[in-house]
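Q: I've got a structure open and I'm not sure how to read it. Could you walk me through it, one feature at a time?

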Amino acid sequence: MSDQQTPANKPLRAIRRPSGSRSRVAEVVRELITPVADELGYFLWDVEYVKEGADMILRVTIDTDEGITIDDCERMTRAIDPLLDEADPIEAAYLLEVSSPGIERDLTRPEHFEVCIGDEVELRLFAPIDGSKIWRGILKGLTEEGQIVIEVAGNDRAFETSAVSKTKTVFDF
């Protein structure tokens, strides 16, 4: 397999099929397609391998500073589809979906928080803090200890990531 070429004319390295969880599959695919996204000028926002109804879906989310068009999604699909077929990192049949993260996006990785500093975000907590499970404010970033810091009513507020069930950007229409 090492004599195979990727769209970037780089040798395709053999990869082992991930055993176990869907998140492990997503991480293996992320490693495989990140160089392609970089080469095409996209930021690989997320890779998910999820079951929806009877189907398994490999959802690849890309972004740029200028936003993503349907043509960008098609371009990325055409670039990674043969790569995924050749490397065969997923044992079962699946549907490939490439999309934009949208204007309101989930923040799940450290790089998401870094990119979105200064944006308005909403944190949903597992349990209430000071009587509220939902907090909204301006994202200041992540601390080295892994706390999410937002500015609420002019004051910085830090939340343990283990206490947060979901963080997303918000846009008031």
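Here is a short conversation about reading this structure.

A: Happy to. Keep in mind from the start that this is a predicted model.

Q: Let's begin with the overall layout. How many helices and strands are in the chain?

A: A good first step is to list the helices and strands, then follow their order. Here there are three helices and eight strands. Along the sequence they run α-β-β-α-β-α-β-β-β-β-β.

Q: How much of the chain counts as buried?

A: Of its 173 residues, 38% count as buried. The chain's accessible surface is about 10,100 Å², and carbon and sulfur atoms account for 47% of that. You can also ask how far along the sequence the contacts reach: among those between residues at least 6 apart, 52% join residues at least 24 apart.

Q: How do I read a single helix, say H2? What should its 18 residues span?

A: Compare the expected span with the distance between its ends. At 1.5 Å a residue, helix H2 (residues 70-87) should span 26 Å, and its end C-alpha atoms are 25 Å apart, so the two agree. There is still a kink of about 25° at isoleucine 80, shortly before proline 82.

Q: Which residues of H2 are buried, and what covers them?

A: The buried ones are Asp72, Cys73, Met76, Ala79, Ile80, Leu83, Leu84 and Ala87. So Ile80 turns up twice, at the kink and in the buried set. The cover includes helix H1 (22-40), strand S2 (55-63) and S3. Just after H2, aspartate 88 takes a positive phi of about 55°.

Q: Where else should I look for a positive phi in a residue other than glycine?

A: Try the loops between strands. Aspartate 130 has phi near 50° and sits in the loop between strand S4 (120-129) and strand S5 (132-142). Aspartate 130 is exposed, because its relative accessible area is 63%, over the 50% cut-off. Alanine 153 also has phi near 50°, in the loop between strand S6 (147-152) and strand S7 (155-160). Alanine 153 is exposed too, at 76%.

Q: What about charged residues?

A: Side chains of opposite charge can pair when their charged atoms come close. The count here is 16 salt bridges. Glutamate 27 and arginine 30 form one of them, at 3.9 Å from N to O. Both lie in helix H1, three residues apart, about one turn of the helix. Glutamate 27 is partly exposed at 29%, while arginine 30 is buried at 8%. The pair is also part of a network of salt bridges linking Glu27, Arg30, Asp46, Arg109 and Glu111.

Q: Which salt bridge links distant parts of the chain?

A: Look at lysine 166 and aspartate 106, whose side chains meet at 3.7 Å, N to O. They are 60 residues apart: lysine 166 is in strand S8 (residues 164-169), and aspartate 106 is in the loop between S3 and H3. Lysine 166 is partly exposed at 36%, and aspartate 106 is partly exposed at 37%.

Q: Last one: which residues make the nonpolar surface patch?

A: For a patch like this, look for nonpolar side chains at the surface. Ile103, Phe171 and Phe173 make one of about 380 Å². Isoleucine 103 lies in the loop between strand S3 (95-99) and helix H3 (110-115), and counts as partly exposed at 48%.

Methods:
Residues are numbered from 1 along each chain as its sequence is written. This is a predicted model: local features need pLDDT of at least 70, side-chain atom pairs count only at pLDDT 80 or more; totals for chains, interfaces and linings use all residues. Side-chain values use heavy atoms; hydrogens and water are left out. Patches are made of residues with over 30% relative accessible area and no salt bridge: like charges are joined within 9 Å, nonpolar side chains (Val, Leu, Ile, Met, Phe, Trp, Tyr) within 5 Å. Accessible areas come from the Shrake-Rupley method with a 1.4 Å probe; for residues, only the protein chains shown count as cover. A salt bridge is a side-chain nitrogen of Lys or Arg within 4 Å of a carboxyl oxygen of Asp or Glu. Helices (H or I, at least four residues) and strands (E, at least two) are DSSP runs, numbered from the N terminus. Buried means under 20% relative accessible area, exposed over 50%, partly exposed in between (1.4 Å probe, protein chains only). The expected span of a helix is 1.5 Å times one less than its number of residues. The bend at a residue is the angle between axes fitted to the seven residues ending there and the seven starting there. Contact means heavy atoms within 4.5 Å.
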